[in-house]
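Trainee: I would like a close look at a single part of this chain, and at the strands that can be described along with it. Please take it slowly.

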Amino acid sequence: MANEEVSSSRRNLLIATGVVGAMGVVGASVPFISSFQPSARAKTAGAPVDVDISKIDNEPGMRMIVQWRGKPVWIFKRTKEQLAALPSLDNRLRDPKSDNPDQTPAFAKNEARTIVGKENIAVIVGVCTHLGCSPSFVPEMLPQVYDSEWKGGFYCPCHQSRFDLAGRVFQGVPAPSNLEIPPYHFVDENKIIVGVPPKGAA
Ligand code: FES
């Protein structure tokens, strides 16, 4: 059964990758990969999700989306420049230190909101903390109509909430809290498991 799920997952990933290619032709500016593993039955049970992140390793701006417990989880790579900009945003954010434990497990209570030592790879639940819309990924560090000092992040089109590239919410927007960080850990450089925290973490 385990082998069947692995095969099925690979097939689905290939299908999803083909869809990405088609979207690229019509001008999507931010590539992404959808992965629909494990099986629908396992997802319903809230099973952990194995993710091969090798495809995003050398392509900043590419985002994977996996389903975990019925929620989309974004996985993407941040550049050194994007990481260096995070502290400069602190005084514009509602909870810059991620003090609210409801959205941030203890292992990710740091500026990048990641496992320490793996700051370049972000793993964030893609559900707006206002009313549950899916924010848009705007990774470019360029002025936007809603923020002339934009350093990359997420913009929710429903009611204009904004989050930085660590999923931290800006002040003055409807969303009350940072985006959720799910439990996850690295198995090796190219594989993470969403749904299980690092060893020793709460
Ligand atoms: S649902 Fe995102 S701002 Fe309202």
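Mentor: What follows starts from one residue and then moves through several strands and a helix. Keep in mind throughout that this is a predicted model.

Take I75 as the starting point. I75 belongs to strand β4, which covers residues 71–77. Is I75 buried or exposed? I75 is buried because 24 C-beta neighbours lie inside 10 Å, and the cut-off for that label is 20 or more. Leaving out residues up to four places away in sequence, I75 touches V51, I53, I56, R63, M64, V66, I121 and V123. Another position to find is G126: G126 is 51 residues from I75 along the chain, yet their C-alpha atoms are 9.6 Å apart.

For a contrast, look at K80, a residue of helix α3, which spans residues 80–85. K80 counts as exposed because 10 other C-beta atoms are within 10 Å, where the limit for exposed is 12 or fewer. K80 also has a distant position in sequence to compare with, namely E119, 39 residues away along the chain, with 9.3 Å between the two C-alpha atoms.

Now return to V51, one of the residues that I75 touches. V51 sits in strand β2, residues 49–52, and is on the covered face of that strand together with V49. The uncovered face of β2 holds D50 and D52. Strand β2 runs antiparallel to β10, and 4 bridges join the two. Within that pairing, D50 is opposite I193 of β10.

I193 leads on to a further pairing, as I193 in β10 is also the bridge partner of H185. Strand β9, residues 184–188, pairs with β10, residues 191–194, in the antiparallel sense, and this pairing has 4 bridges. The link between β9 and β10 is a hairpin of 2 residues. So much for β10.

One more set of strands is worth tracing. β6, β7 and β8, in that order, make an open sheet of 3 strands with antiparallel pairing. Its edge strands are β6, residues 136–138, and β8, residues 162–164, each of which pairs on one side only. From one strand to the next the twist averages 25 degrees. Strand β7, residues 153–155, is antiparallel to β6 and joined to β6 by 3 bridges. At one place in that pairing, V138 stands opposite G153 of β7.

Key: Residues are numbered from 1 along each chain as its sequence is written. This is a predicted model: local features need pLDDT of at least 70, side-chain atom pairs count only at pLDDT 80 or more; totals for chains, interfaces and linings use all residues. Two residues are in contact if their C-beta atoms, placed from the backbone, lie within 7 Å. Two strands pair if DSSP finds at least two bridges between them. Axes are lines fitted to C-alpha atoms, for helices over the stretch in contact, and angles run from 0 to 180 degrees between N-to-C directions.
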